[in-house]
Amino acid sequence: MAKITVKGLNLWYADFHALKDVNCLFGQNKITAIIGPSGCGKSTMLRVFNRMNDLIEGVRTEGGVNIDGEEILDNNADLVALRKKVGMVFQRPNPFPLSIYENIVFGERVHAQKVKKDNLERIVQESLKAVLLWDELKDKLKKSALTLSLEQKQRLCIARLIAVKSDILLMDEPCSTLDPQATARIEELMRELKSKYTIIIVTHNMQQAARVSDDTGFMLLGELIEFGRTDDVFTRPKDKRTEDYITGRYG
Amino acid sequence: MERYFDEELQDLNKQILKMGAMAQEAIFKSVEALKNRDNAQAREVISSDNKIDELELVIDERCIDLIARHQPMAGDLRFITTGMKVNAELERIADLAVDIAQRVQILADKPLLKPLIDIPKLSTVAQGMVRDAIDAFINKDAAMARKVALSDSEADRLRNLVQDELTNEYMARDPKTADRAVPLLLIARHLERICDHTTNIAEDVIYMVEAKVVKHHPEQL
């Protein structure tokens, strides 16, 4: 079942045509990897899904992106609700300079009309459990989030999205600053989260895309060249450009 | 873009070519030993088999090493995994040449039951199939691989001819001929099995080149 439907999506940064007639479906409760060389438009596409590109001057989009029946590119789309629903994890984890506890309840404090302490404690516990940090951090909730390891910070950032009940997680190179063990644990977390969330990951790491994703899209110069089951894309790609890229012949 | 990896894949290609040449030579010599009733040549086939076994291990290790170090994808992955399968099939083919040589040793001191007609024809088919299958692998030639796979029916036909003749014309009429007929029957069987292994190679080559599985689906050839 499609969670996100992209139809005829085009995006320009002023005169630069960054996304060219992109069409694809992102399955619900699936992990989809977007791969491609630097500058191919994969991060731009990711940012379309929570309209973060709107913050860049001169951006213009055409086409449709439908999430759960809502056309998110419409002028009257509710961006606050959209960004709550579609959360983003960045390359470098970016916890707020607050306590672990306050990082997690931050979204709830911003979004909720009336905040109950019991409710906040439940959210902290559930969110940290979901990212497998509860046992490690339950006695350190008042400590600054900036004291955590890189991996813990990245997990905390994911927990922050879970706390505001995002159900689509966008991950832009989420493991690029992590060591192999931490990367493996974040990948394991992604698999755990898949049953409840739809995850889209942008990565330069082909092995990571092959390991964690159900579907893979390959982008080149703003075009979505190939989109399909990860097994197929990595063992029998249909397009020679995909083959050249994933076998390291591109360039 | 040229990659260092391409040189390593080329080296693997050369090793499999060498393995193929050794397997072809083993078949050729085992059948020549039969034609000439040459016990020494049969012994040579048997004693050379350990070199083929050693090369099989070297190629296997090299494939595993390439997978571990380069984590290949797509066509590269299909090439290496097919190389491993072809390697195993060639080793089995060489073992069957040894089996033929052992039957030749049994027959060497006995008079021939009958002139050899269909077994040499079957041997020509088998050697041609092995040669073409190796060429198809080396040149990534799916059309050639298809031709090889389709040749297998001719091998089956010749094996059946040999079997019918030896069973009905000789052993049924005179059971005492069995000690000379059975080794010939087995040789025909070994040659036909060589063709089966070669068909497997051809099917693997089609997968390698076209990413299309035809194994167990002969209608898709």
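Which residues does R78(B) touch, leaving out those up to four places away in sequence? Some notes on this predicted model, starting with that one.

1. R78(B) touches T235(A) across the chain boundary, and Y207(B), M208(B) and A211(B) within its own chain. The residue sits in helix α3 of chain B, residues 74-107. With 20 other C-beta atoms within 10 Å, R78(B) is buried, because 20 or more is what that label takes. There is also a long-range pairing to look at: R78(B) and V205(B) are 127 residues apart along the chain, yet 9.1 Å separates their C-alpha atoms.

2. On to the interface as a whole. Here 13 residues of chain A are in contact with 10 residues of chain B. On the chain A side, three helices each supply at least two residues: α8 (206-212), α9 (230-235) and α10 (240-246). That side of chain A is mixed in character, with 5 nonpolar, 5 polar and 3 charged residues.

3. Now chain B's first helix. α1(B) covers residues 4-36, and its 33 residues at 1.5 Å each should span 48 Å; the end C-alpha atoms are 48 Å apart, so the expected and modelled spans agree. Just after α1(B) comes R37(B), where phi is positive at about 50°.

4. What does α1(B) pack against, and at what angle? The partner is α4(B), residues 118-138, at about 175°, with 10 Å between the axes. The two helices therefore count as roughly antiparallel, since the angle is over 145 degrees. From α1(B), the contact takes in residues including I16(B), L17(B), I27(B), F28(B) and V31(B); from α4(B), residues including V130(B), I134(B), F137(B) and I138(B). Sorted by type, the residues of this contact are 12 nonpolar, 5 polar and 2 charged.

5. Chain A has an open sheet of 4 strands, paired antiparallel in the order β2-β1-β4-β5. The edges are β2 (16-27) and β5 (70-71), each pairing on one side only. Strand β1(A), residues 2-13, is joined to β2(A) by 8 antiparallel bridges, and L11(A) stands opposite L19(A) there. β1(A) also pairs with β4(A), residues 59-67, again antiparallel and over 8 bridges. In that pairing, T5(A) has N66(A) as its bridge partner.

6. How many bridges join β4(A) to β5(A)? There are 2, in the antiparallel sense. One to check by eye is I67(A), whose bridge partner in β5(A) is E70(A). The hairpin that these strands form has 2 residues between the strands, and D68(A) takes a positive phi near 50° in it.

7. Two more positive phi values in chain A are worth a look. Most residues other than glycine have a negative phi. E173(A) is not a glycine, but its phi is near 50°; it lies in the loop between β7 (168-172) and α7 (180-193). E173(A) counts as partly exposed because it has 19 C-beta neighbours inside 10 Å. L221(A), another non-glycine, has a positive phi of about 50°, and is placed in the loop between β9 (215-220) and β10 (223-229). Its 14 C-beta neighbours inside 10 Å make L221(A) partly exposed too.

Note on methods. Residues are numbered from 1 along each chain as its sequence is written. Chains are lettered from A and ligands numbered from 1 in the order in which they are written. This is a predicted model: local features need pLDDT of at least 70, side-chain atom pairs count only at pLDDT 80 or more; totals for chains, interfaces and linings use all residues. Two residues are in contact if their C-beta atoms, placed from the backbone, lie within 7 Å. Ala, Val, Leu, Ile, Met, Phe, Trp, Tyr, Cys and Pro count as nonpolar, Asp, Glu, Lys and Arg as charged, and the others, Gly among them, as polar. The expected span of a helix is 1.5 Å times one less than its number of residues. Two strands pair if DSSP finds at least two bridges between them. Axes are lines fitted to C-alpha atoms, for helices over the stretch in contact, and angles run from 0 to 180 degrees between N-to-C directions. Angles under 35 degrees count as roughly parallel, over 145 as roughly antiparallel, 65 to 115 as roughly perpendicular and the rest as oblique. A residue is buried if 20 or more other C-beta atoms lie within 10 Å of its own, exposed if 12 or fewer, and partly exposed in between; C-beta atoms are placed from the backbone.
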